[in-house]
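Trainee: I keep running into words like "buried" and "disulfide", and I'd like to see what earns a residue each label. Can we go through one example together?

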Amino acid sequence: MPNEAIVYSGPYEVGRLRRRRDQRVAEYRFRRSLRTRIAMPEMTRCRIAKLVLYFVIFFVLLASFTCGLGVLVMTYHVPKDRPGCKKFPGLCTVPGKWRGDEKRIIWSHSNQKQLGSIRRQMARMVDRYGLEGQRRLMACNLDDTWGYASGKPCVLLKLTQALGFEAITYDDGMTLPDHAPDELYFYVAKLGMEARINRIWVECQYKKEEDLDIQIEYVPDRYFDAEYLFTRMNVFLNDDENGTYTEDPSLRRIIGVQFSNIPPNRNVMVRCRVWAKNIPLYMGTVRFLFRRTAPVNPTTPLLLDEWYE
């Protein structure tokens, strides 16, 4: 028996029968391939024209979509110097430490550690404005301790930055709301018409108590100039004896409030508010607790040794 007829596993099969089986399988596969295969069309001129037309339409649509997307981005693009949504400005103050919803300012004119802490807090606020900031608030810092060593403490009020915000101001005393204090109404009413326009008014009051007469002064003015107040550009051009110079608008977002006649060892409650039609009072209100500590004289005689004899 020839070796090719030997089958080592499975049923016995003659080579001739195996060749016929393989031939039938090959013919079956060939007929199946004829039914399922897709012949490549001939590359005619018409087919070439259609392909070119399809490519042109595709790139035209792609260019239209890209241009439309670019127009939308440019139309609704938010500039770098403006936030996605406009916010109200708030009111921040220095010095002091927060205790709940009020700031406590406790100091003694003889405690150099407390005076140094206050001086550093004020310097962090003012040094960013350079010499212009120091000159603007000079009346608050005549003793180089912002009045805390001489009994005339000063508090700095600053409107926080709200890019793109345009304040709607009270340009007449009659437009002030009913809950505005009478003192602010009389102050605005005494000003001329040109001095009332485009200004955010500031008002500070202390809690009235017996034998308490505190004087309040505003440095340099009792208002924030609302024109170009919330921008980042040097838009102000001022003239003085030293020539013409440009001023940073953020410098006009800070003023000083100076208090005098604060009695020692007594809590004094103060509230400061800014007044504009579109600035909510809860955003523009701060509260302080002043306490100037001083040595207390003894009210009873000292216990002498002879009292025990």
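Mentor: Sure, we'll take the labels one by one, and keep in mind that this is a predicted model.

Trainee: Let's start with the sulfurs. How do you know that cysteine 140 and cysteine 154 form a disulfide?

Mentor: Look at the distance from S to S, which is 2.1 Å. The cut-off is within 2.5 Å, so cysteine 140 and cysteine 154 count as joined. In general, a disulfide is a covalent bond between the sulfur atoms of two cysteines.

Trainee: What parts of the chain does that pair tie together?

Mentor: Cysteine 140 lies in the loop between helix H4 (130-136) and strand E4 (154-159), while cysteine 154 is in strand E4 itself, so the pair ties together parts 14 residues apart in sequence. The link is right-handed, with 50° about the S-S bond.

Trainee: How many disulfides does a search of the whole structure find?

Mentor: Two. The other one joins cysteine 204 and cysteine 272, with their sulfur atoms 2.1 Å apart. Cysteine 204 sits in strand E5 and cysteine 272 in strand E11 (residues 268-275), so here the tied parts are 68 residues apart in sequence. This link is right-handed too, with 115° about the S-S bond.

Trainee: What pattern do the disulfides follow along the chain?

Mentor: Count the bonded cysteines along the chain and you get 1-2, 3-4.

Trainee: Now for accessibility. Why is cysteine 204 called buried?

Mentor: Buried means under 20% relative accessible area, and cysteine 204 has 6%, so the label fits. Its partner, cysteine 272, is at 1% and is buried as well. Over in the other disulfide, cysteine 140 is buried at 1%, and cysteine 154 is buried at 0%.

Trainee: What makes cysteine 67 exposed, and cysteine 92 partly exposed?

Mentor: Exposed needs over 50%. Cysteine 67 has 52%, so that one is exposed. Cysteine 92 has 26%, which falls in between the two cut-offs, so that one is partly exposed.

Trainee: Okay, a charged residue next. How do you know that glutamate 203 is buried?

Mentor: Its relative accessible area is 0%, and the limit is under 20%, so buried is the right word. Glutamate 203 is found in strand E5 (residues 199-206). Among the residues it touches are Pro181, Tyr218, Arg222, Cys272 and Trp275.

Trainee: What makes the glutamate 203 and tryptophan 275 side chains a polar contact?

Mentor: They are 3.0 Å apart, and the cut-off for such a pair of N or O atoms is within 3.5 Å.

Trainee: Why does threonine 285 count as buried?

Mentor: Threonine 285 is at 19%, and buried means under 20%, so it counts. Threonine 285 is found in strand E12 (residues 285-292), and its side chain reaches the backbone oxygen of leucine 281 at 2.4 Å.

Trainee: On to the rings. Why is the pair of tyrosine 185 and phenylalanine 186 called edge-to-face?

Mentor: Their planes are at 65°, and edge-to-face needs over 60 degrees, so the pair gets that name. The centres are 5.5 Å apart, which meets the limit of within 6.5 Å. As for accessibility, tyrosine 185 is partly exposed at 29%, and phenylalanine 186 is exposed at 52%.

Trainee: What ring pairs with tryptophan 107 across distant parts of the chain?

Mentor: That's tyrosine 148, which is 41 residues away, in the loop between H4 and E4. Their centres are 5.1 Å apart with 85° between the planes, another edge-to-face pair. Tryptophan 107 and tyrosine 148 are both buried. Ring pairs also link Trp107 and Tyr148 with Phe259, Phe288 and Phe290 into a cluster.

Trainee: What makes us say that arginine 199 sits over the ring of tyrosine 223?

Mentor: The charged end of arginine 199 is 3.9 Å from the ring centre, and the distance limit is within 6 Å. There's an angle condition too, within 35 degrees of the ring normal. Arginine 222 likewise lies over the face of tyrosine 187, at 4.9 Å.

Trainee: Last one: which residues touch the most other members of the largest nonpolar core?

Mentor: Of its 49 residues, they are Tyr148, Leu156, Leu157, Ile200, Phe288 and Phe290. A second, separate core of eight residues includes Tyr170, Leu184, Val188 and Trp201.

Methods. Residues are numbered from 1 along each chain as its sequence is written. This is a predicted model: local features need pLDDT of at least 70, side-chain atom pairs count only at pLDDT 80 or more; totals for chains, interfaces and linings use all residues. Side-chain values use heavy atoms; hydrogens and water are left out. A nonpolar core is a set of buried Ala, Val, Leu, Ile, Met, Phe, Trp, Tyr and Cys residues joined through side-chain atoms within 4.5 Å. Buried means under 20% relative accessible area, exposed over 50%, partly exposed in between (1.4 Å probe, protein chains only). Helices (H or I, at least four residues) and strands (E, at least two) are DSSP runs, numbered from the N terminus. A polar contact is a pair of N or O atoms within 3.5 Å; within protein, one must be able to donate a hydrogen and the other to accept it, and residues adjacent in sequence count only if both atoms are side-chain atoms. Contact means heavy atoms within 4.5 Å. Rings of Phe, Tyr and Trp (its six-membered ring) pair if their centres lie within 6.5 Å; planes under 30 degrees apart count as stacked, over 60 as edge-to-face and the rest as tilted. Lists of a residue's contacts leave out its neighbours within four places in sequence.
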